[in-house]
Amino acid sequence: MAHRWTNTLSAADVTPKQAYLNRRQIMAGLGGMAGLAGLGALPGAAQAETLEPNSWEDVTTYCNYYEFGTGKGDPAKNAGQLTTTPWSVKIDGLVDRPGDYDFQKILGEMTLEERIYRFRCVEAWSMVVPWMGFELADLLALAGVQEGAKYVSFETLYRPSEMPGTAYPVLDWPYREGLRLDEALHPLTLMATGIFGKDLPNQNGAPLRLVVPWKYGFKSIKSIVRISLTDTQPQTSWNMANAREYGFYSNVNPKVSHPRWSQATERRLGGGLFAGRDDTLMFNGYEEEVASLYDGMDLTKHF
Ligand SMILES: Nc1nc2c(c(=O)[nH]1)N[C@H]1C(S)=C(S)[C@@H](COP(=O)(O)O)O[C@H]1N2
Ligand SMILES: [Mo]
């Protein structure tokens with residue numbers, strides 16, 4: 001019987017892990033020639049070949065989740081108090097079946113195999129994370145995307161009683177993000193529900209958060225309670241806070257510098273003292289998969 005969560009793609013088809021590893025290996029090979037000159041590059045290159053996931057410790061203690069404070073260690077300290085059951089996600093706007101979707105029920109109907117694994121890296125500190133989750137496209141299919149929809153907007157829970165960071169106006173709460181519909185429907189776009197085969201820790205965005213592997217980390221909105229299909233480009237928290245520094249698209253693009261720093265290289269978190277900086281890859285290494293989404297667009301304007 002066809003299950004509505006059945007993924008027609010096998011993990012091998014959709015997980016660019018293999019392709020990603022190959023690409024990194026090639027990069028390491030190329031870099032290795034020049035890199036041998038500098039001793040510091042050696043451990044970095046060896047690491048790139050295996051691309052081991054970061055440790056549970058790295059992933060769960062070095063976080064960005066401003067609702068729990070702006071320090072990287074704050075979410076791990078403060079997010080424990082967040083209540084994540086029951087959890088419902090309102091899906092509204094240009095959909096056939098708007099409503100409040102019970103997240104635990106949705107998850108209960110999925111087999112473990114349907115919650116596939118993916119990897120990602122994130123902006124200035126980059127991490128390799130074995131995610132569990134399902135395609136955002138699957139969730140949107142439940143609600144039935146209507147003809148005129150062009151964008152998807154997302155909102156995080158706003159619950160001041162459990163979110164001490166929201167007492168400060170660092171961002172205009174609730175946290176908001178958005179994607180163009182074709183980006184949202186891309187099979188790489190993940191609704192993450194777990195890491196390392198376990199449910200998501202609160203600090204990483206329990207019970208469900210977005211992961212867009214070719215974009216900067218801030219697009220990966222956590223603890224989602226609302227998804228709206230719209231025909232106009234949604235507002236996003238970081239763009240609202242500082243439009244000059246944070247655009248709607250937020251694609252990883254080493255050629256476009258952040259106004260205050262270069263983005264041409266990255267250092268993997270947890271790589272150790274001697275880990276060199278790797279060249280940041282266009283679209284975070286997923287160029288082959290996603291570049292066509294931006295054909296004809298000037299990515300220095302649409303950053
Ligand atoms: N609701 C919410 N989502 C958020 C953030 C946030 O502050 N609030 N920070 C973003 C940023 S800047 C990053 S880099 C990633 C970090 O995800 P991680 O802590 O799981 O590595 O979450 C993103 N999602
Ligand atoms: Mo970030």
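# A tour from strand S11 outward

Start with Lys90, which stands opposite Arg226 in S11. Keep Arg226 selected and add Glu155. Glu155 also stands opposite Arg226 in S11. Bear in mind that this is a predicted model.

**Stop 1: the strands around S11**

Select strand S11, residues 224–230. Then show S1, residues 88–93. S1 and S11 run parallel and are joined by four bridges. Now add S6, residues 151–156. S6 and S11 run antiparallel, with six bridges between them. How much of S11 is covered? Five of its seven residues are buried, so the strand is mostly covered by the cut-off of under 20% relative accessible area.

**Stop 2: the whole chain**

Zoom out and colour by secondary structure. The protein chain has ten helices and 13 strands. It has 303 residues, and 53% of them count as buried. Take the contacts between residues at least 6 apart in sequence: 71% of them join residues at least 24 apart. Switch on the surface. About 13800 Å² is exposed, and carbon and sulfur atoms supply 55% of that area.

**Stop 3: the nonpolar cores**

Hide the surface and select Leu136, Leu139, Phe154 and Ile227. The largest nonpolar core has 56 residues, and these four touch the most other members. Which elements each supply at least two residues of this core? They are S1, helix H6 (103–108), helix H7 (136–143), S6, helix H8 (181–185) and S11. H7 gives the largest share, five residues.

Next, select Val59, Leu190, Leu200 and Leu269. They belong to a second, separate core, which has eleven residues.

**Stop 4: aromatic pairs**

Show the rings of Phe, Tyr and Trp. The whole structure holds ten aromatic pairs. Select Tyr66 and Trp238. Their ring centres lie 5.6 Å apart and their planes meet at 70°, so this pair is edge-to-face. The pair links distant parts of the chain, with the two positions 172 residues apart. Tyr66 sits in the loop between helix H4 (56–61) and helix H5 (74–78), and Trp238 sits in helix H9. Are these two residues buried or exposed? Both Tyr66 and Trp238 are buried.

Widen the selection with Tyr216, Phe218 and Tyr246. Together with Tyr66 and Trp238, they form one aromatic cluster.

Now move to Tyr249 and Tyr294. This aromatic pair is edge-to-face too, at 6.1 Å centre to centre and 90° between the planes. It also links distant parts of the chain, 45 residues apart. Tyr249 is in the loop between H9 and S12, while Tyr294 is in the segment after helix H10 (287–290). Tyr249 has a relative accessible area of 7%, so it is buried. Tyr294, at 3%, counts as buried as well.

**Stop 5: lysines over rings**

Select Trp56 and Lys198. Lys198 lies over the face of Trp56, 5.1 Å from the ring centre. Then select Phe248 and Lys219. Here Lys219 lies over the face of Phe248, at 4.6 Å from the ring centre.

**Stop 6: backbone exceptions**

Finish with the backbone. Most residues other than glycine have a negative phi, and most peptide bonds are trans. The next four selections go the other way.

- Select Ser223. It is not a glycine, yet its phi is positive, about 40°. Ser223 lies in the loop between S10 and S11. Its relative accessibility is 0%, so Ser223 counts as buried.
- Select Ser250. Phi is positive here too, near 55°. Ser250 lies in the loop between helix H9 (237–241) and strand S12 (265–268). With a relative accessible area of 3%, Ser250 is buried.
- Select Trp173 and Pro174. The peptide bond between them is cis, with omega near -5°. Pro174 is in the loop between S6 and strand S7 (176–180).
- Select Ala206 and Pro207. A cis peptide bond joins them, and omega is about -5°. Pro207 lies in the loop between strand S9 (198–199) and strand S10 (209–211).

Terms used:
Residues numbered from 1 in each chain as written. Chains lettered and ligands numbered in written order. Predicted model: local features only at pLDDT ≥ 70, side-chain atom pairs only at ≥ 80, totals over all residues. Heavy atoms only, no water. Buried < 20%, exposed > 50% of the residue type's maximum accessible area, 1.4 Å probe, protein only. Contact = heavy atoms within 4.5 Å. Areas by Shrake-Rupley, 256 points an atom, 1.4 Å probe, with all protein chains shown as cover. Core = buried A, V, L, I, M, F, W, Y, C linked by side-chain atoms within 4.5 Å. Phe/Tyr/Trp six-rings, centres within 6.5 Å; stacked < 30°, edge-to-face > 60°. Lys NZ or Arg CZ within 6 Å of the ring centre and 35° of its normal. Pairing = 2+ DSSP bridges.
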